[in-house]
Each structure stands twice: as structure tokens, then as C-alpha cells.
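New to this one? Have a look at the sequence and the fold first, and then we can walk through them together.

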Amino acid sequence: MWRRKSVACLAILALLGAEARATTTTLNMTVQMTITASCTIGSASTLNFGSSGIIAANVDQTSTVQVQCTNTTPYNIGLDAGTGSGATVAARKMTNGAATVTYSLYSDSGRTTVWGNTIGSNTVSSTGTGSSQSFTVYGRVPAQSTPAPALYTDTVTVTVTY
């Protein structure tokens with residue numbers, strides 16, 4: 001009996017001794033990521049002036065451009081003259097064949113500041129927040145000689161420089 005107790009005690013001590021001898025080691029692992037200055041144009045909604053008969057008065061509408069840039073990144077948003085023949089940023093042209101409808105795009109609700117694509121002159125500047133930012137494009141078709149009934153379109157390129 002004494003021998004059984006001794007064996008049992010030895011077994012328990014062996015188990016406890018094995019646990020007491022366990023050791024650990026540690027090492028710190030570095031985790032990193034480099035964020036670079038970056039911008040994306042999320043969307044540019046259609047600027048639709050609707051339907052009109054004779055263009056005897058200004059037709060005003062708005063559109064929105066969504067831009068997302070990394071936090072603290074300065075950037076400029078430019079709008080080119082569009083694809084209409086003879087268009088400038090001050091007098092863009094929606095076309096249907098050779099016929100045109102003149103319009104302008106502005107960066108302010110009073111429609112006094114033409115929105116173009118020359119940095120430091122007529123672009124819209126901002127600083128990124130890391131989140132999407134909205135910019136309103138204010139459009140105006142001024143009173144003008146009305147061309148033949150048809151759908152008139154133009155394509156304006158939005159450029160973000162950062």
C-alpha cells in the first residue's frame with residue numbers, strides 16, 4: 001500500500017514538475033502601412049437642363065461632383081470646355097449636328113465665377129478629409145436664339161489635380 005501511495009505521489013509530482021518547468025518567450029512584431037496622397041472622383045451627376053421651347057430666359061440647373069482625397073491632401077477640381085466645337089470654359093456648347101446651345105458652368109450659386117480647368121485661376125480647390133466631399137456645379141443656359149428641336153448634349157471632363 002505504501003508503495004502505491006509513493007507511486008501516486010511521484011506521478012503527481014511529475015505532473016506538477018512538468019508544469020513548473022514550462023517557460024514562454026515573446027517578441028514584438030511591427031505592423032505598418034504607408035498612406036500616400038490619393039484622390040478619386042466618386043461620381044459626377046448629369047446636368048440636365050430639361051426641356052424648353054424658345055430660350056427666352058436663363059435656364060438654371062445644378063449637378064454634383066463627389067471627390068474623395070486622403071486626409072490633409074490639397075487638391076483642385078477642374079472642368080474642361082467640353083467637346084462642343086468652338087467651346088470655351090466661359091461659353092460651352094451642347095450640340096446636335098452643327099446646331100448648338102450655349103451654356104456655362106459656375107462654382108457659385110450666384111453664377112458669377114466660371115468653373116474652368118486652369119489651376120490658380122478658375123478651378124475649385126479644397127483639402128481632403130479622407131471622406132467623400134460634394135461639390136455643386138451651377139449650370140446656366142442663357143437666353144439665346146433657339147435652334148431646331150432636338151436633344152443637345154455635351155461631355156465635360158472633370159479633373160482632380162493633387
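## A quick tour of the chain

Let's start with the contacts: among those in the protein chain that join residues at least 6 apart in sequence, 75% link residues at least 24 apart. Keep in mind that this is a predicted model. The chain has 162 residues, and buried ones make up 27% of them. As for the elements, there are one helix and eight strands, and along the sequence they follow the pattern α-β-β-β-β-β-β-β-β.

Now for a sheet. Three strands come together in the order β6-β3-β8, forming an open sheet with antiparallel pairing. At the edges sit β6 (124–127) and β8 (158–161), each of which pairs on one side only. From one strand to the next, the twist averages 25°. In general, strands of a sheet pair through backbone hydrogen bonds, in either a parallel or an antiparallel way.

Zoom in on β3 and β8: four bridges join β3 (residues 74–79) to β8, and the two run antiparallel. If you'd like a spot to look for, Asn-76 stands opposite Thr-161 in β8.

Next up is the largest pocket, which has a volume of about 800 Å³. It is lined by 33 residues, and those closest to its centre are Leu-47, Asn-48, Phe-49, Met-94 and Tyr-152. Which elements give two or more residues to that lining? They are β2 (59–69), β5 (99–106) and β7 (132–141). Here is how the lining residues divide by type:

| Type of lining residue | Number of residues |
|---|---|
| Nonpolar | 21 residues |
| Polar | eleven residues |
| Charged | one residue |

Finally, pick out a single residue, Gln-66, which is found in strand β2. Is Gln-66 buried or partly exposed? Its relative accessible area is 22%, and since buried means under 20%, Gln-66 counts as partly exposed.

What does Gln-66 touch, leaving aside its neighbours within four places in sequence? It is in contact with Thr-40, Ile-41, Gly-42 and Ser-43, and also with Ser-132, Gln-133 and Ser-134. Another residue to find from here is Phe-135: Gln-66 and Phe-135 are 69 residues apart in sequence, while their C-alpha atoms are 6.4 Å apart in space.

Technical notes: Residues are numbered from 1 along each chain as its sequence is written. This is a predicted model: local features need pLDDT of at least 70, side-chain atom pairs count only at pLDDT 80 or more; totals for chains, interfaces and linings use all residues. Side-chain values use heavy atoms; hydrogens and water are left out. On a 1 Å grid over the protein atoms alone, a cavity is a set of points where a 1.4 Å probe fits but cannot get out, and a pocket is an open set with protein on both sides within 12 Å along at least five of seven lines; lining residues have an atom within 4 Å of a point. Grid points are joined across faces, edges and corners, and a volume is the space filled by probe spheres set on the points. Ala, Val, Leu, Ile, Met, Phe, Trp, Tyr, Cys and Pro count as nonpolar, Asp, Glu, Lys and Arg as charged, and the others, Gly among them, as polar. Buried means under 20% relative accessible area, exposed over 50%, partly exposed in between (1.4 Å probe, protein chains only). Contact means heavy atoms within 4.5 Å. Two strands pair if DSSP finds at least two bridges between them. Axes are lines fitted to C-alpha atoms, for helices over the stretch in contact, and angles run from 0 to 180 degrees between N-to-C directions.
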